[in-house]
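Which interactions hold a chain together across long stretches of sequence, and which residues are shielded from the surroundings? The report below takes up these points in turn.

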Amino acid sequence: MRALLLSDIHSNLEALEACLAAAPAHDLVVNLGDIVGYGASPNEVIDRSRALGKFFVRGNHDKAVCGLIDIKDFNPVAALASSWTRNQLTEENLEWLRSLPQGPLEVEGLTNTQFVHGSPIHEDEYVVNVGDAMAPLMVSPITITFFGHTHLQGSFTLNGDHVEGIHPTYKTVGQIESSQFPLKNNLRYLVNPGSVGQPRDGDWRAGFAVYDSDSRIVAFYRVPYNLRVAQDRILAADLPPRLATRLAAGR
């Protein structure tokens with residue numbers, strides 16, 4: 001089975017469409033949360049995401065926008081974007097966000113695999129480095145965990161009591177590229193497909209991944225998209241200009 005893994009779209013319609021256009025054939029789509037927030041196309045991104053399938057976990061921005069958590073813990077720019085998004089969404093889409101499940105999520109046909117937003121321990125926990133990854137890898141009995149939240153494409157591997165982190169490497173900054181990462185049978189993994197709409201690793205291109213459960217290979221992808229249109233939408237919506245400029249820096 002081949003699963004297309006999307007995470008942290010953050011209302012960036014142009015990035016989402018570019019990822020879908022570049023994605024290879026797949027059997028299902030799993031969305032790891034933060035569908036909304038920051039970007040200027042929340043209704044369009046929700047509608048497009050809902051049309052792709054039924055497998056979702058909620059993100060912290062999804063919860064903030066629909067009122068499940070207080071935005072007071074967000075930084076001022078994120079809080080302003082969440083308030084703006086809440087005012088833009090249709091009532092149907094707000095209710096849909098409220099109904100999204102908390103991870104971990106398991107999908108029939110993908111054995112020993114789970115999907116979360118932040119971590120198997122807590123849905124809003126950040127797993128950024130090997131220190132962060134140790135406890136989730138040790139505690140969870142599931143071999144493969146796909147997660148988002150950090151906007152950092154890559155993986156952490158537990159081998160005995162040692163954790164190793166890797167990030168895929170690419171040759172360009174403006175073309176469609178992929179990087180293959182085979183998973184071994186006797187190890188545990190935390191794998192982040194990267195952020196579709198708000199990469200934070202210095203590469204502006206949209207990120208996603210495809211997991212082939214038969215070959216046990218994760219293919220990471222980076223895809224250029226119409227950055228200027230996404231930025232213009234943000235500026236036209238009177239959202240903070242920082243949300244537009246940082247897209248080009250991948251930060």
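What follows describes charged pairs, one helix, one loop residue, the nonpolar cores and the pairing of one strand.

The model is a predicted one, and every value given here is computed from it.

**Salt bridges**

Side chains of opposite charge can pair when their charged atoms come close. A search of the whole structure turns up 13 salt bridges, and three of them are set out in the table with the separation of the N and O atoms and the relative accessible area of each partner.

| Pair | N to O distance | Relative accessible area |
|---|---|---|
| Arg-233 and Glu-14 | 2.6 Å | Arg-233 33%, Glu-14 13% |
| Glu-123 and Arg-58 | 2.9 Å | Glu-123 8%, Arg-58 17% |
| Glu-177 and Arg-205 | 3.0 Å | Glu-177 13%, Arg-205 0% |

In the salt bridge between Arg-233 and Glu-14, the closest N and O atoms are 2.6 Å apart. Because Arg-233 belongs to helix α7 (residues 227-236) and Glu-14 to helix α1 (residues 13-22), this pair ties together parts of the chain that are 219 residues apart in sequence. The two partners are not equally covered, since Arg-233 is partly exposed at a relative accessible area of 33%, whereas Glu-14 is buried at 13%.

The salt bridge between Glu-123 and Arg-58, at 2.9 Å from N to O, joins two loops. Glu-123 sits in the loop between β4 (113-115) and α6 (130-139), and Arg-58 in the loop between β3 (55-56) and α3 (60-65), so the pair ties together parts that are 65 residues apart in sequence. Glu-123 counts as buried with a relative accessibility of 8%, and Arg-58 likewise counts as buried with 17%. Both residues also belong to a network of salt bridges that links Arg-58, Lys-63, Glu-123 and Asp-124.

The side chains of Glu-177 and Arg-205 meet at 3.0 Å, N to O. This pair, too, links distant parts of the chain, with Glu-177 in strand β8 (residues 177-182) and Arg-205 in the loop between β9 (188-192) and β10 (206-212), 28 residues apart. Glu-177 is buried at 13% relative accessibility, and Arg-205 is buried at 0%.

**Helix α6**

Which residues of α6 are buried? They are Ala-133, Pro-136 and Leu-137. Seen down the axis of α6, these buried residues fall within an arc of 100 degrees, so they line one face of the helix. An α-helix has 3.6 residues a turn, so residues three or four places apart point the same way. The buried residues of α6 pack against β6 (154-159), β7 (162-166) and β9, while on the other side of the helix Gly-131 and Val-139 are exposed. The N-terminal end of α6 is capped by Asn-129, a side-chain oxygen of which lies 3.1 Å from the backbone nitrogen of Gly-131.

**The loop residue Ser-7**

Ser-7 is found in the loop between β1 (2-6) and α1, and with a relative accessible area of 0% it is buried. Its side chain is joined to that of Asp-8 by a polar contact of 2.6 Å. If neighbours within four places in sequence are left aside, Ser-7 is in contact with Leu-32, Gly-33, Gly-148, His-149, Pro-193, Gly-194, Ser-195 and Val-196.

**Nonpolar cores**

In soluble globular proteins, nonpolar side chains tend to be buried together. The largest nonpolar core of this model has 48 residues, and those with the most contacts inside it are Leu-4, Leu-6, Ile-35, Leu-97, Phe-208, Tyr-225 and Leu-239. Helix α1 contributes the largest share of this core, with 6 residues. Apart from this core lies another, of 22 residues, which includes Leu-105, Val-107, Ile-144 and Val-218. As for Leu-239, its contacts beyond four places in sequence are with Tyr-38, Gly-39, Ala-40, Leu-80, Ala-81, Trp-84 and Ile-234.

**Strand β1 and its partners**

Strand β1 is mostly covered, 4 of its 5 residues being buried. With β10, β1 pairs in the antiparallel sense over 4 bridges, and there the bridge partner of Ala-3 is Tyr-211. With β2 (residues 28-31), β1 runs parallel and is joined by 4 bridges, Leu-5 standing opposite Val-30.

Key
Residues numbered from 1 in each chain as written. Predicted model: local features only at pLDDT ≥ 70, side-chain atom pairs only at ≥ 80, totals over all residues. Heavy atoms only, no water. Salt bridge = Lys/Arg side-chain N within 4 Å of Asp/Glu carboxyl O. Helix = DSSP H or I, 4+ residues; strand = E, 2+ residues; numbered from the N terminus. Buried < 20%, exposed > 50% of the residue type's maximum accessible area, 1.4 Å probe, protein only. Arc of directions from axis to C-beta. Contact = heavy atoms within 4.5 Å. Polar contact = N/O pair within 3.5 Å; in protein donor to acceptor, adjacent residues only side chain to side chain. Core = buried A, V, L, I, M, F, W, Y, C linked by side-chain atoms within 4.5 Å. Pairing = 2+ DSSP bridges.
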